[in-house]
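This report covers the two chains shown below, their fold statistics and a few individual residues. Helix packing comes before the overall description.

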Amino acid sequence: MEKKFKIAMPVRYGINFALIVLGWVIFTVLFSTGALNDYWKGIVVNIGVNIILATSLNIACGYLGQLPLGHAGFMAVGAYTGAIYIKATPAYDLLRAGNTTAIIPYVIVAIILAALVSGIFGLLIGIPALRLKGDYLAIITLGFGEIIRIVITNIDSVLGFKFTYGASGLARIPKFSSFNLMYIMTVISLFLIHVFMKSRHGRAVLSIRDNEIAAESVGINTTFYKTTAFVFSAMLAGVAGCLYAGTLGSLYPATFKFMKSIEILVMVVLGGMGSMLGSVIAAIVLTGLPELLRSFSDYRMVLYSLALVLMMIFRPKGLMGTYDFSLNKSIENIVNKIRGKKAAKADKEVQE
Amino acid sequence: MTFSSLIAQFINGLQTGSVYALVALGYSMVYGIIKLLNFAHGDIIMVGAYVVYYAIASFALPPMLAVILAVLVSTLLGVTVEKVAYTPLRSAPRLSLLITAIGVSFLLENGAQLLFGADKKSLDPMVSGSFQLGGVNVSYAAVVTIVVSVIAMVALTILVNKTKMGKAMRAVSEDMGAAQLMGISLNRTISMTFAIGSFLAGIGSVLYLCAYPQATPTMGSMLGIKAFIAAVLGGIGSIPGAMIGGFAIGILEALVAAVHLSMWKDAVVFLILIIVLLFKPAGLLGKKTQEKV
């Protein structure tokens, strides 16, 4: 038996890195030549936000096997944290003066703060919520998500000063979410999820999904891993929220209603719970498609919900199931297949 | 706050509480029988409210006929949803069933928005007027609501405890497989449960309109969630529990509003839910279940 063809690890990372750079170059060329106008640039940035949201929910939903319905709450925490911080810095005036490089440190701090604060909220909510399962976990996370939104709406009257600006909304946030920032953050998020899931910690999380009691009996600290995955998911949702604040320039608590959580869930479920590729594709399609079908915008949510029901009845594992695409694996498979055929041919010739 | 205003708030609480209780019963029964958190249950109330609105405003039907029509449509809708969306998934994982329920709920909400528009439809109060009782102003609407819901609850208790159908429902909720072996038709029993739950939701929608005479596409979602919280508080699967939970949530909300914190009332209700789930997940009257390996 000859040795199977395998691409060495450094080469794999090299190939992936080259592809990421290539993707960036293609988009940049498309934008600079005007093939994609500013309107489409905005949509591409939105797609980035939704990719991070969907893949982050996929951690808790697809990999951990729970059904949190309060993802919009973590997004709101991240969005408000990032926005309130960056409004306290001179970033708004710098950006208006066209100084896009000077705001970079502020943006980095805002994103890190958003991730940290959402992570803390994820920990505070995750520890009690993850003691429950299934429907109860769904409803308790829904409860926490709504509480976050209600607190954001009403906190000013308790504090006595303007902090979140309540229902009237937080305005004049510098629009720092450029395409480059979005591209980098999406890549970083996907990379972190990938690395986490391929590590032994990721496998522990998967084992909890498949059979929690069995996982516990082989010595996996299920509480620790459930909480870790949940906090990780919340942190990335916070990052997405922060970027969302940077695309819109204003925030309203009503955006982060239960409806938003469901929209993200639809992406994960349609893409296939447990498939990062599925979440990414679903996020792209469900963000891009409504823009192409402007005249159908009234029907958008109806179609979403109909798709959700039909998907559950006819293909409950979603578009991609738990399949994840790996370019290097595919190359290896193809090469091995060709080699196998050659070997079989050689065998035949020898026999003849 | 004076004593009489406290009593008035208490009666308000009982009024909304009895609507919650009626809706909670539907949740609780469905959960008891197929372990499904029927998210679409609240939206059935919304459909019932629209039926009342259109029957009175567009077709000028007498209110009594509108009420009967609303209850009928709600019941039919509940059974249809069960047949179309939940029956094919009876052996599927619980998560798929839950996602389907969320999908149905959103389908109804957005479908209603498409058909009836996003603006709220107001109609004249069906029951108006009030009387004085020991210095407290009591509206006839509150009296009607409380009386009707108590009658409905008593009828339901008799139905579940004394009739053959009720026996079948209790048997299926206890052990689906064993009940089937005893010759109980699963499909019929489950459909019946949905029909009764939706029937109560239909009554609930009419009573809700007595208190707040307007219909919006999203009115069902918050109402449904609160009713679910009531069911959890009382102990899901338990009929008296759902009633107690409903009244408790209604009165609590009214009291929070009475101390001028009405914008926090949803948060308080969710907080109650979280506390109950963490410290007594089986609810006040629920049975404790042990997870088997």
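## Helix packing in chain A

Four residues of α8(A), namely A:H201, A:A204, A:V205 and A:I208, are in contact with A:T222, A:Y225, A:K226, A:T228 and A:A229 of α10(A). By residue class, this contact between α8(A) and α10(A) is made up of 5 nonpolar, 3 polar and 1 charged. The model is a predicted one, and the values that follow are computed from it. Helix α8 of chain A covers residues 200-210, and its axis lies 10 Å from that of α10(A), at an angle of about 105°. Angles of 65 to 115 degrees count as roughly perpendicular, and α8(A) and α10(A) are therefore roughly perpendicular to each other.

## The nonpolar core

Helix α10(A) also matters for the description of the core. The largest nonpolar core contains 199 residues, and A:V239 and B:V52 are the residues with the most contacts inside it. Helix α10 of chain A, residues 222-248, supplies 15 residues, the largest share of this core.

For B:V52, the contacts can be listed by name. Setting aside residues up to four places away in sequence, B:V52 touches B:A66, B:V67 and B:A70, and also B:S205, B:V206 and B:L209.

## Where chain A meets chain B

How many residues of each chain take part in the contact between chain A and chain B? On chain A there are 29 residues in contact, and on chain B there are 32. On the chain A side, at least two residues each come from α6 (134-159), α11 (258-271) and α13 (300-314). Helix α6(A) gives the most to this side, with 12 residues. The residues of chain A that touch chain B comprise 22 nonpolar, 4 polar and 3 charged.

## A buried residue in α11(A)

A:I264 is located in helix α11 of chain A. Is A:I264 buried or exposed? With 26 other C-beta atoms within 10 Å, A:I264 is buried, because the cut-off for a buried residue is 20 or more. Apart from its neighbours within four places in sequence, A:I264 is in contact with A:L53, A:A54, A:L57 and A:H71. The C-alpha atom of A:I264 is also 8.2 Å from that of A:A72, although the two residues are 192 residues apart along the chain.

## The two chains as a whole

Chain A has 14 helices and 0 strands, so its elements, read from the N terminus, are α throughout. In chain B there are 11 helices and 4 strands.

The table sets out the overall values for each chain.

| Chain | Box along the principal axes | Buried residues |
|---|---|---|
| Chain A | roughly 90 × 55 × 40 Å | 43% of the 352 residues |
| Chain B | roughly 60 × 45 × 35 Å | 52% of the 293 residues |

The radius of gyration of chain A is 22 Å, which agrees with the value near 20 Å for a compact globule with 352 residues. For chain B, a compact globule with 293 residues would have a radius of gyration near 19 Å, and the chain has 19 Å, which agrees.

Contacts between residues distant in sequence can be given as a share. In chain A, 83% of the contacts between residues at least 6 apart in sequence join residues at least 24 apart. In chain B, residues 24 or more positions apart account for 76% of the contacts with a separation of 6 or more.

## Two residues with positive phi

Most residues other than glycine have a negative phi. Which residue in the loop between α6 and α7 of chain A is described here? That residue is A:Y165, and α7 of chain A spans residues 179-198. Phi of A:Y165 is near 60°, a positive value, and the residue is not a glycine. A:Y165 has 19 C-beta neighbours inside 10 Å and so counts as partly exposed.

B:K35 is not a glycine, yet it has a positive phi of about 55°. This residue lies in the loop of chain B between α1 (3-34) and α2 (41-57). B:K35 has 16 C-beta neighbours inside 10 Å and therefore counts as partly exposed.

Definitions and conventions:
Residues are numbered from 1 along each chain as its sequence is written. Chains are lettered from A and ligands numbered from 1 in the order in which they are written. This is a predicted model: local features need pLDDT of at least 70, side-chain atom pairs count only at pLDDT 80 or more; totals for chains, interfaces and linings use all residues. Two residues are in contact if their C-beta atoms, placed from the backbone, lie within 7 Å. Ala, Val, Leu, Ile, Met, Phe, Trp, Tyr, Cys and Pro count as nonpolar, Asp, Glu, Lys and Arg as charged, and the others, Gly among them, as polar. A nonpolar core is a set of buried Ala, Val, Leu, Ile, Met, Phe, Trp, Tyr and Cys residues joined through C-beta atoms within 7 Å. A residue is buried if 20 or more other C-beta atoms lie within 10 Å of its own, exposed if 12 or fewer, and partly exposed in between; C-beta atoms are placed from the backbone. Axes are lines fitted to C-alpha atoms, for helices over the stretch in contact, and angles run from 0 to 180 degrees between N-to-C directions. Angles under 35 degrees count as roughly parallel, over 145 as roughly antiparallel, 65 to 115 as roughly perpendicular and the rest as oblique. The radius of gyration is taken over C-alpha atoms; the globule rule is 2.2 Å times the number of residues to the power 0.38.
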